[in-house]
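Colleague: I should be grateful for a close look at one loop of this model and at what surrounds it. Please begin with the loop itself and then work outwards through the neighbouring parts.

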Amino acid sequence: MVKSYPAKVLLLGEYTILNGSKALALPYYDFKGIWSYETEGGEGSRQSLRAFLDHQCESYIDVARLKSDIQNGLWFDSSIPHGFGLGSSGALIAAIYDTYSWRKEELNDEKVALGKLEDFFHGSSSGLDPLVSHVQRPLLIHNFDSVEVVETPIDLTGFFLLNTGKPRQTGTLVNIYKEKLKDDQFKQSCAKVLSSEVNFAVESVLKGNHEHLFHHLWLISKFQWDFFPEMIPTKERGLWTRGLESGDYVLKLCGAGGGGYLLGYTNKLSLSDLRAVFETHEVRALK
């Protein structure tokens with residue numbers, strides 16, 4: 001019960017993973033959750049866990065043992081903000097699976113099991129968020145059916161998170177994207193331009209090639225500015241274009257967008273410089 005479960009950041013692949021691009025996700029330890037029996041607080045968490053018991057999950061976890069522990073005061077003490085794209089429900093599901101699952105599976109089978117468990121919160125889950133919190137290692141997603149753990153260290157120098165201060169609903173934004181895909185021109189642009197740049201950026205990150213990385217991230221940022229206006233919060237649009245025009249940094253969506261955190265990258269500015277640029281926003285280094 002002393003193990004903690006980190007938040008997750010989808011570094012690359014938001015939306016384009018639905019079109020078959022690669023994606024790169026990693027644990028983020030600034031936010032995490034841990035099981036607790038502390039008597040102070042936790043009632044909201046216990047209510048969620050009690051509701052979760054009604055989910056049809058007996059084939060994956062020991063429901064009777066989980067129910068007994070909840071009755072004895074168990075709750076999930078988490079600092080991961082809800083609705084900010086950092087996998088708050090994924091961390092909880094990872095904790096449930098890790099503690100109460102009947103058996104351990106191969107990586108891709110675990111993803112399926114975790115997805116079935118997280119369906120309780122999202123209706124339909126790929127299982128990627130809880131898988132990141134469960135294995136606590138960066139994951140390279142080739143497609144929804146093929147995931148591998150990244151064994152070599154990833155250099156995250158220059159990456160940062162920008163807090164919009166606004167929660168969002170992932171499902172609504174994904175539905176907007178799916179509607180956009182019905183337009184053939186948009187679909188071809190995503191396949192030929194955006195997905196290609198995402199794959200190039202993933203390769204650059206894995207190889208530690210930061211010289212080419214900024215170029216690919218700038219193109220991703222510009223594409224999202226041109227084609228995903230609904231996903232970019234109004235308050236941050238000036239900051240977005242300032243980065244594109246100056247070349248000092250770039251901003252892109254972090255997950256679904258619409259609020260939560262935006263992902264940024266710079267190869268010019270220090271963290272203190274960034275905090276001066278985004279003076280009214282919280283900025284967190286991803287490194």
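Modeller: The residue to begin with is Tyr15, which is found in the loop between strand E1 (4-12) and E2. The model is a predicted one. Tyr15 has a positive phi of about 70° although it is not a glycine. Most residues other than glycine have a negative phi. Is Tyr15 buried or exposed? Its relative accessibility is 5%, and Tyr15 therefore counts as buried, the limit being under 20%.

A second residue may be set beside Tyr15. Gln136 is placed in the loop between helix H5 (128-135) and E4. Its phi is near 55°, again a positive value in a residue other than glycine. With 18% relative accessibility, Gln136 also falls under the 20% limit and so counts as buried.

Strand E2, which follows the loop of Tyr15, spans residues 23-36 and leads to the second largest pocket, where it supplies the largest share of the lining, 5 residues. The lining consists of Leu26, Pro27, Tyr28, Tyr29, Asp30, Pro138, Ile154, Leu156, Ala285, Leu286 and Lys287. By type, these residues divide into 9 nonpolar, no polar and 2 charged. The space in this pocket comes to about 150 Å³.

Strand E4, which follows the loop of Gln136, covers residues 139-143 and is joined by 4 bridges to strand E5 (residues 146-149), the two running antiparallel. Together E4 and E5 form a hairpin, with 2 residues between them. Within this pairing, Asn143 stands opposite Ser146 in E5.

The next part is an open sheet of 4 strands. Its order is E7-E8-E6-E9, and the pairing is antiparallel. Strand E7 (250-253) and strand E9 (283-285) are the edge strands, each pairing on one side only. On average, neighbouring strands of this sheet are turned by 30° against each other, direction ignored. E7 and strand E8 (residues 261-265) run antiparallel and are joined by 4 bridges. Lys252 has Leu263 in E8 opposite it.

Two helices accompany these strands. Helix H8 (residues 210-227) packs on the sheet and touches strand E6 (159-163), E7 and E8, and its direction makes about 60° with that of E7. Helix H9 (residues 237-246) lies across E6, E7 and E8 as well, running at about 130° to E7.

One residue of helix H8 deserves particular attention, namely Gln224. Its relative accessible area is 1%, so Gln224 is buried. Leaving aside residues up to four places away in sequence, Gln224 touches Glu14, Pro229, Ile232, Trp240, Lys252 and Leu253. Among these contacts, Lys252 is the residue that stands opposite Leu263 in E8.

Finally, there is the enclosed space. A search of the whole structure finds 1 cavity of 30 Å³ or more. The largest cavity has a volume of about 50 Å³. Its lining is made up of Ser59, Tyr60, Tyr97, Ser101, Trp102, Arg103, Glu105 and Ala113, which divide into 4 nonpolar, 2 polar and 2 charged residues.

Definitions and conventions. Residues are numbered from 1 along each chain as its sequence is written. This is a predicted model: local features need pLDDT of at least 70, side-chain atom pairs count only at pLDDT 80 or more; totals for chains, interfaces and linings use all residues. Side-chain values use heavy atoms; hydrogens and water are left out. On a 1 Å grid over the protein atoms alone, a cavity is a set of points where a 1.4 Å probe fits but cannot get out, and a pocket is an open set with protein on both sides within 12 Å along at least five of seven lines; lining residues have an atom within 4 Å of a point. Grid points are joined across faces, edges and corners, and a volume is the space filled by probe spheres set on the points. Ala, Val, Leu, Ile, Met, Phe, Trp, Tyr, Cys and Pro count as nonpolar, Asp, Glu, Lys and Arg as charged, and the others, Gly among them, as polar. Two strands pair if DSSP finds at least two bridges between them. Axes are lines fitted to C-alpha atoms, for helices over the stretch in contact, and angles run from 0 to 180 degrees between N-to-C directions. Contact means heavy atoms within 4.5 Å. Buried means under 20% relative accessible area, exposed over 50%, partly exposed in between (1.4 Å probe, protein chains only).
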